[in-house]
Amino acid sequence: MKIALIGAQGQLGSDIIRANNEFCYEIISLNHRDIEITDFENSYSALKVIKPEVIINTAAFHNVEVCEKEVERAYRVNSIGARNLGVIANELNSKLVHISTDYVFDGIKKDTTTGYMEFHNPNPINIYGKSKLFGEELLKSVTNKYYILRTAWLYGDGGSKSKGGNFVRKMLELSKGQQELKVVDDQIGTPTNTYYLAKQILELIKYPYYGTYHATCEGNGTWYEFALEIFKAAKIKIIVNPVGTKEFQTIAQRPKNSVLENHMLKIQDLNIMPDWREALKEYMDKLLN
C-alpha cells in the first residue's frame with residue numbers, strides 16, 4: 001500500500017515512519033517544503049504525482065494560544081487545508097486519514113468513568129477546537145473514504161516543534177534546578193503516546209471502515225497526575241503542587257474533561273491502544289536509556 005504522509009518530520013509523522021517497520025507499507029514522506037495544504041493547486045500537484053492509495057494528514061496549526069490570536073491562519077490550516085485534501089483524495093480515489101482533537105468538545109461532561117464517544121455532540125470552546133471541527137465537517141462534505149481520528153495530549157520522540165516541545169520534555173526541562181513545580185489538576189484527559197497512535201492508524205487503514213474514531217491511550221488523569229508519573233519514571237525527586245487552571249493566565253479556554261472513549265475502535269475489535277501509564281513508562285525507558 002502506497003501512503004503519502006504529510007507532516008513526516010512532526011511528532012506523529014516520525015512515529016508513523018518508525019511504526020511502519022511492523023507493517024512495511026510504502027511511505028512517501030512530505031514535509032512543509034514539499035506540500036502546502038492551504039494551497040489547493042500546490043497540494044494537488046504534489047499528490048497526483050504520487051498517486052497514493054492513502055493520504056495521512058498530520059499537519060495542523062495546534063498551538064492553542066496562538067490560534068486565538070491568529071484566527072484566520074487557524075481556519076486556513078485546520079479547516080481549508082482539511083477540505084483541500086478531501087477534494088484531492090476524492091479526485092485520486094485515495095483514502096484519507098485526518099487527525100483531529102479532543103478539543104472539539106466543551107469538557108462539561110461530569111462523568112469521567114467513561115469518555116466522550118464519537119456520537120456525542122461536539123461543542124468547542126476555543127478557536128483551535130472550532131477550526132478543527134469545521135475541518136472535520138468540510139472534509140466529510142467532499143469525500144466518503146475518510147478516517148477522522150480524534151486524539152489528545154500527544155507526546156512522542158519527535159517532540160512538538162510548534163508548541164516548543166511536548167509535555168514530557170517540558171516537565172523534565174522545568175525540573176532542572178527546581179525543588180517545586182505547579183501543575184494544573186482540574187483538567188482531565190488521556191496522555192497518548194504517538195507511537196501507539198501511529199500503530200493504530202496503520203492498522204485501521206487495512207480496512208474500509210470509514211468514519212470518525214476516537215484514538216487515545218486507555219484510562220485518564222490530570223496534568224498533575226501526568227507530571228507525577230513522568231517524575232516517577234525519571235526517578236526525579238521534586239515537589240509537585242496541584243493547582244487550578246486559574247493559576248495560569250491563558251487566552252484560550254480549555255475543556256475541563258476531554259477524556260475520549262475509543263468506542264468505534266472497540267466495537268469493531270480494532271482497538272490496540274494500551275493504558276496511558278504503561279505507554280508512558282515505555283516511552284520514558286526509551287528516552288532515558
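**Strand β5 and its surroundings**

Thr101 sits opposite Thr151 of strand β5. That pairing belongs to a parallel arrangement in which strand β4, residues 95–101, and β5 are joined over 6 bridges. To get from β4 to β5, the chain runs through helix α5 (residues 127–142), and the resulting β-α-β crossover is right-handed. The model is a predicted one, and everything described here was computed from it.

β5 also has strand β10 (residues 211–214) as a partner, again in the parallel sense, this time over 4 bridges. Here Tyr147 stands opposite Gly211 of β10. As for solvent, β5 spans residues 146–151, and 6 of its 6 residues are buried. Both faces are covered: one side carries Tyr146, Ile148 and Arg150, the other Tyr147, Leu149 and Thr151, and all of these are buried.

Helix α1 comes next. Running over residues 11–19, α1 has Gln11, Leu12, Gly13, Asp15, Ile16 and Ala19 as its buried residues. Those buried residues pack against a mix of elements: the strands β1 (2–6), β2 (26–30), β3 (54–57), β4 and β6 (154–155), plus helix α7 (194–204). Strand β4 therefore turns up twice, since β4 pairs with β5 and is also packed against by the buried residues of α1, while a residue counts as buried because its relative accessible area is under 20%.

Aromatic side chains are worth a look too. The structure holds 15 aromatic pairs, and one cluster is made up of Trp153, Tyr155, Phe167, Trp223, Phe226, Trp276 and Tyr283. Elsewhere, a charge meets a ring: Arg73 lies over the face of Phe61, at 3.9 Å from the ring centre.

On the cysteine side, searching the whole structure turns up 0 disulfides. Cys24 has a relative accessible area of 63%, so Cys24 is classed as exposed. Cys217, by contrast, has a relative accessible area of 1% and is therefore buried.

Finally, Leu287 is found in helix α10, which covers residues 276–288. Its relative accessibility is 26%, so Leu287 counts as partly exposed. Setting aside neighbours within four places in sequence, Leu287 is in contact with Val168, Arg169 and Leu172. Ile27, which is 260 residues away from Leu287 along the chain, has its C-alpha atom 25 Å from that of Leu287.

Notes
Residues are numbered from 1 along each chain as its sequence is written. This is a predicted model: local features need pLDDT of at least 70, side-chain atom pairs count only at pLDDT 80 or more; totals for chains, interfaces and linings use all residues. Side-chain values use heavy atoms; hydrogens and water are left out. Rings of Phe, Tyr and Trp (its six-membered ring) pair if their centres lie within 6.5 Å; planes under 30 degrees apart count as stacked, over 60 as edge-to-face and the rest as tilted. A charge sits over a ring if NZ of Lys or CZ of Arg is within 6 Å of the ring centre and within 35 degrees of the ring normal. Buried means under 20% relative accessible area, exposed over 50%, partly exposed in between (1.4 Å probe, protein chains only). Helices (H or I, at least four residues) and strands (E, at least two) are DSSP runs, numbered from the N terminus. Two strands pair if DSSP finds at least two bridges between them. A crossover is right-handed if, with the strands pointing away from the viewer, the path from the first strand over the helix to the second runs clockwise. A disulfide is a pair of cysteine sulfur atoms within 2.5 Å. Contact means heavy atoms within 4.5 Å.
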